[in-house]
Structure formats: C-alpha cells, structure tokens
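Student: I keep meeting words like "buried" and "paired" in structure notes. Could we go through one example and check what earns each label?

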Amino acid sequence: MSRSVLFASGKGGTGKSSLCLHVAGALARRGLRVLVVEATPGFRGLEIALELPGETVYDLSDALEGRCSLGDALLVHQETQLRLIPAPEDPFYLPEEKRLSAFFSWGRERWDLLFIDAPPAFPPILPMLAKLCDLGILVTTPEEVAARFAGKTSVLLAREGLAAQRLVINRIPRDFVPTPALRDLDDVIDLCGVQLLGALPEREGGLPPPGEEPLPGLLGQELEAIARRLLGERAELALFL
C-alpha cells in the first residue's frame, strides 16, 4: 500500500529538505518506488541538492494545472532512482484542493512512497497537504526556538487531521551545551510533543547529495535506520548525548 509522508519543520534551517532526500534515497536503494514532491512554492532547490540543475522543464504547478502531463514533470536521480517533482516557480501559487487530491491519487497508484517536502512555518498549502498525508515527520534542531516551532506545527497539523507524527532531531553538535530549557534530547522531545523517530549528528559542511551507497559513519547508519523504522523494521536508536 502506498504511503504519503509529509516533512515539516515550522522553522527554516533545520535540514528538513536534506533529510527528506536522504531518507528517500535510502528507501529507493532498497528497491521501493519513491517520489519526492517539492511543495515549497517560489523556493525551488531540491534539483540543485540532487545535482540536477538546469534539468527542470516543468514543475508541480505545471502538472497540477494541466500544462504538462504528470509524468513530464518528473526528474530522475540516477544514483538512487528516486523521482522528483520540483516546486512551482511562483511563490504565490496555491493549487485547488481537488487538483492536489487528484495528484495524490495519481501518485498513490504509481509509487510506494510519496515524500512531500513542505514549506517552513504554516503557509496556506500546508493544511491541504496535511489532509492528504498519512504521516508527518517533524524536523528540528536541538535549539529551543526550533523545537517550539516544531511543536506548534505538530499541533496545527493534528488539527487538520494528520495525527500520526514522528520527530527527527537533526544536526546535534558533538559539543552540545545544555541550557535551562534544553538539558538533553529528552527535553527537545518534550518541547516538541512528538514521538522520536531518529536523532542525527551534525556534519560539517552539511549533507552531500544521496548516492548509490549510504553515507559513512554514524550519520549514515542513523539515516538508514530511520528508513528502516519507516518500513516498520526494528532498528536500534543511537543517541548522542
């Protein structure tokens, strides 16, 4: 059965989009058919992150508005075989709900997993996406502001019907300095109010594009473990603090 997974953060700069791509890549390497949809109107960037710059001819708005076939909007990432539909160029684009619903129906018939990279904060498109997704993954860094934003976004998504949610704490520095509000990762989880799915160490220079093999080291192991947990498999959680 196909599943649609919404990646949200509340606050920008949490590494949500890179996480979305790497987990999608890990699942695609396992043989699943994975479609990543960049639902951040006006802020296209995933084709650059996948090292596919200049290959975008059609985007999500073209597909939804009938200016091209849905298949024509797909970009193929050769290293992992995941597919990407880039974000609309127009920052004010807002699809009709019936068009978005029809798109999800199309995707569910053809893909094992739809990964939706949502905009930060709570723009008008997010409630529509929440109604159509099966699982929300909230992404935060171990900072009070980011955790509070993730918690607020979690509540808003639940109000729109997306009650199934999990949390990924990203970019955990090895020299994490406790504060009165965040003494450890348990405090981050409590502030977000969402069950933990994974915890990832910070990588200097950020994440490279997903490749044919997992990233080396503890970071790559945990990214693979997150993908396994999404499939219902048991994978030991490595906590870094």
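Student: What makes helix H8 count as mostly covered or mostly uncovered?

Tutor: Some ground rules to start with. This is a predicted model, where local features need pLDDT of at least 70, side-chain atom pairs count only at pLDDT 80 or more, and totals for chains, interfaces and linings use all residues. Residues are numbered from 1 along each chain as its sequence is written, and side-chain values use heavy atoms, with hydrogens and water left out. Now, buried means under 20% relative accessible area, exposed means over 50%, and partly exposed is in between (1.4 Å probe, protein chains only). In H8, 10 of the 14 residues are buried, so the helix is mostly covered. Among them are Leu219, Gly220 and Leu223.

Student: What covers the buried residues of H8?

Tutor: The cover includes helix H1 (16-29) and strands S1 (3-8) and S5 (113-117). Contact here means heavy atoms within 4.5 Å. As for the names, helices (H or I, at least four residues) and strands (E, at least two) are DSSP runs, numbered from the N terminus.

Student: How do you know that the span of H8 agrees with its number of residues?

Tutor: The expected span is 1.5 Å times one less than the number of residues. For the 14 residues of H8 (217-230) that gives 20 Å, and the end C-alpha atoms are 21 Å apart, which agrees. After H8 comes Gly232, with a positive phi near 85°.

Student: How does H1 do on span?

Tutor: H1 has 14 residues, so 20 Å is expected, and its end C-alpha atoms are 20 Å apart, which agrees. H1 is mostly covered too, with 11 of its 14 residues buried. Those include Leu19, Cys20 and His22. Gly31 follows H1, with a positive phi near 100°.

Student: Why is Cys20 called buried?

Tutor: Its relative accessible area is 0%, which is under the cut-off, so the label fits. Cys68 counts as buried as well, at 11%.

Student: Why does Cys20 have no bond to Cys133?

Tutor: A disulfide is a pair of cysteine sulfur atoms within 2.5 Å. The closest cysteine sulfur to that of Cys20 is in Cys133, 11 Å away, so it is too far for a bond. The structure holds zero disulfides.

Student: What makes S7 and S8 a pair?

Tutor: Two strands pair if DSSP finds at least two bridges between them. S7 and S8 have four, in the parallel sense, so they qualify. Leu167 stands opposite Leu196 in S8. S6 and S7 also run parallel, joined by five bridges, and Ile137 has Arg166 in S7 as its bridge partner.

Student: Why are S3 and S8 described as edges?

Tutor: The open sheet has eight strands in the order S3-S4-S2-S5-S1-S6-S7-S8, with mixed pairing. S3 (75-76) and S8 each have a single partner strand, so one side of each is left without a neighbour in the sheet.

Student: Why is the pair of Phe103 and Phe104 called edge-to-face?

Tutor: Rings of Phe, Tyr and Trp (its six-membered ring) pair if their centres lie within 6.5 Å; planes under 30 degrees apart count as stacked, over 60 as edge-to-face and the rest as tilted. By this rule there are three aromatic pairs. The rings of Phe103 and Phe104 are 6.1 Å apart centre to centre, with 85° between the planes, so the pair is edge-to-face. Phe103 counts as buried at 2% relative accessibility, and Phe104 counts as buried at 2%. Ring pairs link Phe103, Phe104 and Trp106 into a cluster.
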